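This report describes one protein model, shown below. It takes up the main pocket, the sheet, the helices on the sheet and two residues in loops.

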Amino acid sequence: MKIAVLGYSGSGKSTLAGKLAGYYRIPVLFLDTVQFLPGWAERGREEGRSIVSDFLKKNDSWVIDGNYECFLQKERLEQADRIILLCF
């Protein structure tokens, strides 16, 4: 199972993604942890893309939360079996 969780900031994407990953016992990737280093320093885009690409290649099942278009959004959504959009 591959699940993409998208939505507004503060809508509960990370909470839902964590719960789904626990329920299905599959790996989760929080894109905020890809975008930001400790101290809210921004990670380079190429390094971030590489992290997401490796995660997609390494895992047959996953949950990924976040909207970041620059981190292979097209590929993530094409691969996803389920796309959840939180609109509140």
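## The largest pocket

The largest pocket in this predicted model has a volume of about 150 Å³. Its lining includes a run of neighbours in the sequence, namely Gly 10, Ser 11, Gly 12, Lys 13 and Ser 14. Asp 32 also lines the pocket, as do Asp 65, Gly 66, Asn 67 and Tyr 68.

Sorted by class, the lining of the largest pocket consists of 6 polar residues, 3 charged residues and 1 nonpolar residue. The nonpolar class includes tyrosine, and Tyr 68 is among the lining residues.

## The sheet

In general, the strands of a sheet pair through backbone hydrogen bonds, and the pairing is either parallel or antiparallel. Here, 4 strands form an open sheet in the order E2-E3-E1-E4, and their pairing is parallel. The edges are taken by strand E2 (28-30) and strand E4 (82-86). Each of these two has a single partner strand, so one side of each is left without a neighbour in the sheet. On average, neighbouring strands of this sheet are turned by 15 degrees against each other, direction ignored.

Strand E3 covers residues 62-65 and runs parallel to E2, to which it is joined by 3 bridges. Across this pair, Leu 29 stands opposite Ile 64 in E3.

## Helices on the sheet

Helix H3, made of residues 45-58, packs on the sheet and touches E2 and E3. The direction of H3 makes about 155 degrees with that of E3.

Helix H1 (residues 13-24) lies across E2, E3, E4 and strand E1 (2-7). Relative to E1, helix H1 runs at about 165 degrees. Lys 13 and Ser 14, which fall within the residue range of H1, are also part of the pocket lining.

## Two residues with positive phi

Which residue in the loop between H1 and E2 deserves a closer look? Arg 25 is located there, and although Arg 25 is not a glycine, its phi is positive, at about 55 degrees. The relative accessible area of Arg 25 is 78%. Exposed means over 50%, so Arg 25 is exposed.

Leu 72 likewise is not a glycine and has a positive phi, of about 60 degrees. Leu 72 is placed in the loop between E3 and helix H4 (73-79). Is Leu 72 buried or exposed? Its relative accessibility is 19%; the limit for buried is under 20%, and therefore Leu 72 counts as buried.

How values were computed: Residues numbered from 1 in each chain as written. Predicted model: local features only at pLDDT ≥ 70, side-chain atom pairs only at ≥ 80, totals over all residues. Heavy atoms only, no water. 1 Å grid on protein atoms, 1.4 Å probe; cavity = no way out; pocket = protein on both sides within 12 Å on 5 of 7 lines; lining within 4 Å. Points joined across faces, edges and corners; volume = space filled by probe spheres on them. Pairing = 2+ DSSP bridges. Axes fitted to C-alpha atoms, helices over the stretch in contact; angles between N-to-C directions. Contact = heavy atoms within 4.5 Å. Buried < 20%, exposed > 50% of the residue type's maximum accessible area, 1.4 Å probe, protein only.
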